[in-house]
Amino acid sequence: MESSEELVAIPLLTTPIESNYRACTIPYRFPSDNPKKPTPTELSWIDLFLNSIPSFRKRAESDESVPDAHIRAEKFAQRLREQVLREVGFRDIFKKVKDEENAKAISLFEDVVRLNDAIEDGIKRVENLVRGIFAGNIFDLGSAQLAELFSKDGMSFLASCQNLVPRPWVIDDLDAFILKWSRKSWKKARSICNLVVIFVDNSGADIILGILPFARELLRRGTQVVLAANELPSINDVTYHELIEIISKLKDERGQLVGVDTSNLLIANSGNDLPVIDLSRRISQELAYLASDADLVILEGMGRGIETNLYAQFKCDSLKIGMVKHPEVAQFLGGRLYDCVFKFNEVLS
């Protein structure tokens, strides 16, 4: 059941009229296209979503919490995805695999963090943390190819870190980001600490071994961090309630993440229920309030960071980070499949 709360625009977005904001990076059609005929781009995306239906159907059929799961899965397979899944009674068909991958990632969290902490050079450490975000972002069951690979062989986080495509990536602003990071920026004189808002993506290695070590490093620098997660399930994206549970399992008895205080870590319900997001009208009022004074906003993942908000303009610094997992997106960007996007925009005062 969707939230009854009225959703709003994120206050960090520059005025939509001025920035011409659209939650759509790739143009599906142009004014010159025949309105009665689908464009090649539209057809390719329809095929992409159709190809994901079989893996969704298998997940639905194995959902033991739903009576007559195989019958309802067949009904779903003939129609749409998230909306129809909820209509026919499936709340979260990826719940089992998310729980399994969260448990695996939690068991590895401390080792990953300590490997990062052992890197004395601050620049090399932040680059290693960024590589960890890309490696974690591979765990994406919304990609039919990756879902098939995952079901057969699983995925190794450390191996993924080592096997990223070499730099320069298709969009590579890492050096500019590291320069800003090294200046210990994103601090407002009137604030005790600066504020970073991160829109998170997938469960498992993505959130636990990719985003959380990065967020922990920000906390260690005295930064306040807001992690914004979906309200409702969508593919294997982590939800608000799941993220609260994950954080509670990772904290020690003193409320720390491997020695780092978490009093400046906030978990927010984004109000969203899709792997993409429209920042002009699909944000919870809670998140809008928390984000109003942010110094940096980070959109992680292909859906939120690349497919819908790659060119979004903000009143503060912004970072769009994600791995390219659809051939259509790789072609549009002029890069390779599994290439990396690291787009950093600094707002000069």
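I call a residue buried when its relative accessible area is under 20%. With that cut-off I find that buried residues make up 53% of the 349 residues in the protein.

**Entry: the model as a whole**

I note at the outset that this model is predicted. Its mean pLDDT is 84, and 81% of the residues reach 70 or more. I looked for a weak stretch and found residues 188–192, where pLDDT stays under 50. The model has six contacts beyond four places in sequence for that stretch. Where pLDDT is low, the predicted coordinates should not be read in detail.

I then listed the elements and obtained 14 helices and nine strands. For contacts between residues at least 6 apart in sequence, I find that 71% join residues at least 24 apart.

**Entry: helix H5**

I followed H5 over residues 95–117. This helix has 23 residues and spans 32 Å from its first C-alpha to its last, close to the 33 Å expected at 1.5 Å a residue. I located a kink of about 40° in H5, centred on leucine 108.

Which residues of H5 are buried? I recorded Val97, Lys98, Glu101, Asn102, Ala105, Phe109, Val112, Val113 and Asn116. An α-helix has 3.6 residues a turn, so residues three or four places apart point the same way.

I looked further at asparagine 102, which lies in H5. Its relative accessible area is 7%, so asparagine 102 is buried. Leaving out residues up to four places away in sequence, I find asparagine 102 in contact with Ser203, Gly204, Ile208 and Ile246.

**Entry: helix H10**

I turned next to H10, residues 205–220. H10 has 16 residues and reaches 21 Å between its first and last C-alpha, close to the 22 Å expected at 1.5 Å a residue. I placed a bend of about 35° at leucine 212, and proline 213 follows within four residues. H10 is mostly covered, with 15 of its 16 residues buried. After H10 comes glycine 222, which has a positive phi near 90°.

**Entry: the nonpolar cores**

Which residues touch the most other members of the largest nonpolar core? In this core of 55 residues, I find that they are Ile198, Leu227 and Phe342. H10 gives the most to this core, with ten residues. I also found a second, separate core of 22 residues, which includes Val226, Ala268, Ala288 and Ala312.

I listed the contacts of isoleucine 198, again leaving out residues up to four places away in sequence. They are Ile211, Phe214, Leu218, Val225, Val226, Leu227, Ala228 and Ile298.

**Entry: valine 200**

I found valine 200 in the loop between strand S2 (195–199) and H10. Why does valine 200 count as buried? Its relative accessible area is 2%, and the cut-off for buried is under 20%.

Beyond four places in sequence, valine 200 touches Ile207, Ile211, Leu227, Ala228, Ala229, Val238, Leu243, Glu300 and Arg304. I also checked valine 200 against isoleucine 298: the two are 98 residues apart in sequence and 8.4 Å apart in space, C-alpha to C-alpha.

**Entry: backbone details in loops**

I looked up the peptide bond from arginine 167 to proline 168 and found that it is cis, with omega near 5°. Proline 168 sits in the loop between helix H8 (157–162) and strand S1 (171–172).

I noted a positive phi of about 50° at isoleucine 235, although this residue is not a glycine. Isoleucine 235 belongs to the loop between strand S3 (224–229) and helix H11 (240–250). Its relative accessibility is 6%, so isoleucine 235 counts as buried.

I noted tyrosine 338 as well, a residue other than glycine with a positive phi near 70°. Tyrosine 338 lies in the loop between helix H14 (327–333) and strand S9 (340–345). Is tyrosine 338 buried or partly exposed? At 29% relative accessibility, tyrosine 338 counts as partly exposed.

**Entry: cysteines**

How many disulfides does the protein have? With a disulfide taken as a pair of cysteine sulfur atoms within 2.5 Å, I count zero disulfides. I looked up the accessibility of two cysteines. Cysteine 316 has 7% relative accessibility and so counts as buried. Cysteine 340 has 0% relative accessibility and therefore counts as buried.

Conventions
Residues are numbered from 1 along each chain as its sequence is written. This is a predicted model: local features need pLDDT of at least 70, side-chain atom pairs count only at pLDDT 80 or more; totals for chains, interfaces and linings use all residues. Side-chain values use heavy atoms; hydrogens and water are left out. Buried means under 20% relative accessible area, exposed over 50%, partly exposed in between (1.4 Å probe, protein chains only). Helices (H or I, at least four residues) and strands (E, at least two) are DSSP runs, numbered from the N terminus. Contact means heavy atoms within 4.5 Å. The expected span of a helix is 1.5 Å times one less than its number of residues. The bend at a residue is the angle between axes fitted to the seven residues ending there and the seven starting there. pLDDT is the predictor's confidence in each residue, from 0 to 100. A nonpolar core is a set of buried Ala, Val, Leu, Ile, Met, Phe, Trp, Tyr and Cys residues joined through side-chain atoms within 4.5 Å.
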